[in-house]
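Let's practise reading a protein model step by step. Keep the sequence and the 3D view at hand, and try each task before you look at its solution.

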Amino acid sequence: MQRSRKKEKRINRYWLYLVGGLVSVLLIGSVVWTVWSKQENVKEHERKNEQLAKEIATNPDPKPEPAPLTKEDTAEKTDNGYIEGQAIPQEPSYIKGVLIASKKYPLPSTFAPGEDPEAKKMLNEMLNNAKKAGFTLQAFSGYRSYEYQTTLYDNYVKRDGKDAADRYSARPGYSEHQTGLVYDIGEVGREDVWLTEAFGETPAGQWLRDHAHEYGFIMRYPKGKEDVTGYMYESWHFRYVGTTIASEIFTKQSTLEEYLGIE
């Protein structure tokens, strides 16, 4: 009887040890699994950070080209072609690599590049060749700062009213003159037709209209395109875009907006 009880106790202890051992193994396994999982998560996180660092190094601070505005974007609220409530941006807009300044694409108030050297060089070449053709042309207005345009526009509004001024003068931040790529041109000795449509009817104005593209310039606001450009016909206002673009626009008798496919 005693032997039977002793044997039973040994069996119970055996099962107790066995169960205890299994529990210990399970606990240790659980701890090991938890530690391993955490290490793998850390490694995966490090791998993702490393990949992100490589992508940033390959493409630092990407600045995507702004999407051209559509009629749906601007149809709701406009004021003489300007988008109501539009904020002046921090960066200028480039469409197809072309700096754009218009009633829909303003420039930062701090954007002050001054006169563009390449545009100035090609302007001088154009004026020299015009003189050989018998026309003494002069660029009487080029680069304008944001501050200067503010004064100019405000004076025009006081004189003619906002609606009239918006047809021929850009609001501050929206002027092409701020790009440093634009010149108002007239003929020396015919100052009476400077800044008038009549200049375009003179032999000098016609020479400029027909040959400006050869030097990379376009008549920025041609006749019959006010609904496209937002401004009245200006026979004196020429914008430098390079000979390739200028020649295409001249050949098609179109505008910069139409070339870029923007509003």
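The exercises below deal with a predicted model.

**Exercise 1: the sheet**

Task: Find the order of the strands in the open sheet of four strands, and say which strands are at the edges.

Solution:
- Step 1. Begin with the whole chain, whose secondary structure comes to nine helices and eight strands.
- Step 2. Trace the open sheet: its order is β5-β6-β8-β7, and the pairing is antiparallel.
- Step 3. Look for strands that pair on one side only; these are the edge strands, β5 (137–141) and β7.
- Step 4. Follow the twist, which averages 45° from one strand to the next.
- Step 5. Zoom in on β6 (residues 182–187) and β8, an antiparallel pair joined over three bridges. Here Tyr 183 stands opposite Phe 238 in β8.

**Exercise 2: helices on the sheet**

Task: Work out which strands helix α3 touches, and which strands helix α6 lies across.

Solution:
- Step 1. Helix α3 (residues 117–132) packs on the sheet and touches β5, β6, β7 and β8. Its direction makes about 15° with that of β6.
- Step 2. Helix α6 (residues 203–211) lies across β5, β6, β7 and β8, and runs at about 80° to β5.

**Exercise 3: aromatic pairs**

Task: Classify the pair Phe 217 and Tyr 240, then the pair Tyr 221 and Tyr 231.

Solution:
- Step 1. Recall what you need: a pair of aromatic rings is described by the distance of the centres and the angle of the planes.
- Step 2. Rings pair if their centres lie within 6.5 Å. By this rule there are six aromatic pairs.
- Step 3. The ring centres of Phe 217 and Tyr 240 are 5.2 Å apart and the planes are at 65°, so this pair is edge-to-face.
- Step 4. Phe 217 belongs to strand β7 (residues 217–221) and Tyr 240 to strand β8 (residues 234–240), so the pair ties together parts that are 23 residues apart in sequence.
- Step 5. Check burial, which means under 20% relative accessible area: Phe 217 has 1% and counts as buried, and Tyr 240, with 8%, is buried too.
- Step 6. For Tyr 221 and Tyr 231, the centres are 4.9 Å apart and the planes at 50°, so the pair is tilted. Tyr 221 lies in β7 and Tyr 231 in the loop between α7 (226–229) and β8, so parts ten residues apart in sequence are tied together.
- Step 7. Add the neighbours: Tyr 183, Phe 217 and Tyr 240 form one aromatic cluster, while Lys 103 lies over the face of Tyr 231, at 4.7 Å from the ring centre.

Methods: Residues numbered from 1 in each chain as written. Predicted model: local features only at pLDDT ≥ 70, side-chain atom pairs only at ≥ 80, totals over all residues. Heavy atoms only, no water. Phe/Tyr/Trp six-rings, centres within 6.5 Å; stacked < 30°, edge-to-face > 60°. Helix = DSSP H or I, 4+ residues; strand = E, 2+ residues; numbered from the N terminus. Buried < 20%, exposed > 50% of the residue type's maximum accessible area, 1.4 Å probe, protein only. Lys NZ or Arg CZ within 6 Å of the ring centre and 35° of its normal. Pairing = 2+ DSSP bridges. Axes fitted to C-alpha atoms, helices over the stretch in contact; angles between N-to-C directions. Contact = heavy atoms within 4.5 Å.
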